[in-house]
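Colleague: Hi, have you got a minute to walk me through this one? I'd like to start with the charged side chains and then move inwards.

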Amino acid sequence: CGQCIVACPTGALSEKDDTARVLAALNDPAKHVVVGPAPSIRVTLGECFGLPIGTNVEGKMVTALRRLGFDKVFDVDTAADFTILEEGTEFLSRLNGGGNLPLITSCSPGWVRYLEQHAPDMIRNISSCKSPQQMFGSLVKTYYAEQAGIDPQDIFVVSIMPCTAKKYEASRPELGRDGYQDVDYVLTTRELAKLIRYVGLDLSVLPESEFDSPLG
């Protein structure tokens, strides 16, 4: 979950750095690179550039992502809405059909992994829905790929997440199809800040722009 990194008093612990892999994809003309930041990133990224804690830098973040070279910048909020609808439908189905209750959301990969390892009898209570991150990748490589006329094999999906367990989640072999993963790589807020600095951008002075619309 990354709490050990936050708590470490010396900075000896850090997340696995995937920025080089993302840069390689951005520099590959054969790849259509799509990025989706989680909702919380817009109010944590600014702190990395000296802005007050909690500053909403959504518009500046979108501009930075475009200048980094991402072909599409989508908001994972859309996938979160899908998750709410799907989990709500699943809850009503279980409630009316005698399914396992309580229904526990599958949004947290750290929590899912904990149950798998330490409380396997509760796995039946976890929602069968993918998390917003994985629904995002799945939507991009199915619906969006079809609408844009792009081969899913040529789409490279990056998510920006506040939790390091999302890196592990994206690598789970069952979260993909046809030989590719829903999400190719996951960056944390700190890794995104590193990328922005690497190309010489100052987030605090960037103009604002809006997300692309994944549904047309």
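Colleague: Which side chain does Lys 194 meet in a salt bridge?

Modeller: Happy to help, and keep in mind that this is a predicted model. The partner of Lys 194 is Asp 17, with 2.4 Å from N to O. The two come from distant parts of the chain, 177 residues apart. Lys 194 sits in helix α8 (residues 189-198), while Asp 17 is in the loop between α1 (3-7) and α2 (19-26).

Colleague: Are those two buried or exposed?

Modeller: Lys 194 counts as partly exposed, because its relative accessibility is 43%. Asp 17 is also partly exposed, at 32%.

Colleague: And what does Asp 212 pair with?

Modeller: Asp 212 makes a salt bridge with Arg 66, and their closest N and O atoms are 3.2 Å apart. Asp 212 is in the segment after α8 and Arg 66 is in helix α3 (residues 58-68), so this pair ties together parts 146 residues apart in sequence. Arg 66 is partly exposed, with 31% relative accessibility.

Colleague: Nice. How far apart in helix α7 are Glu 169 and Lys 166?

Modeller: They are 3 residues apart in α7 (residues 165-171), so about one helical turn separates them. These two form a salt bridge as well, with 3.2 Å between the closest N and O atoms.

Colleague: Why do you call Glu 169 and Lys 166 buried?

Modeller: Buried means under 20% relative accessible area. Glu 169 has 6%, so it qualifies, and Lys 166 is buried too, with 8%.

Colleague: Which residues do shared salt-bridge partners join into one network?

Modeller: That network consists of Asp 18, Arg 21, Lys 167 and Glu 191.

Colleague: How many salt bridges turn up in the whole structure?

Modeller: The search finds 17.

Colleague: OK, switching to the inside. How many residues does the largest nonpolar core have?

Modeller: There are 46 residues in that core. Leu 45, Phe 70, Val 158, Leu 192 and Ile 196 have the most contacts inside it.

Colleague: Which element gives the most to this core?

Modeller: That would be β3, which gives 6 residues. Elements that each supply at least two include α2, β1 (32-37), α6 (132-148) and α8.

Colleague: Last one: what does Leu 45 touch?

Modeller: Leaving out residues up to four places away in sequence, Leu 45 touches Val 57, Met 61, Thr 189, Leu 192, Ala 193, Ile 196 and Leu 203. Two names there, Leu 192 and Ile 196, were also listed with Leu 45 as having the most contacts inside the core.

How values were computed
Residues numbered from 1 in each chain as written. Predicted model: local features only at pLDDT ≥ 70, side-chain atom pairs only at ≥ 80, totals over all residues. Heavy atoms only, no water. Salt bridge = Lys/Arg side-chain N within 4 Å of Asp/Glu carboxyl O. Helix = DSSP H or I, 4+ residues; strand = E, 2+ residues; numbered from the N terminus. Buried < 20%, exposed > 50% of the residue type's maximum accessible area, 1.4 Å probe, protein only. Core = buried A, V, L, I, M, F, W, Y, C linked by side-chain atoms within 4.5 Å. Contact = heavy atoms within 4.5 Å.
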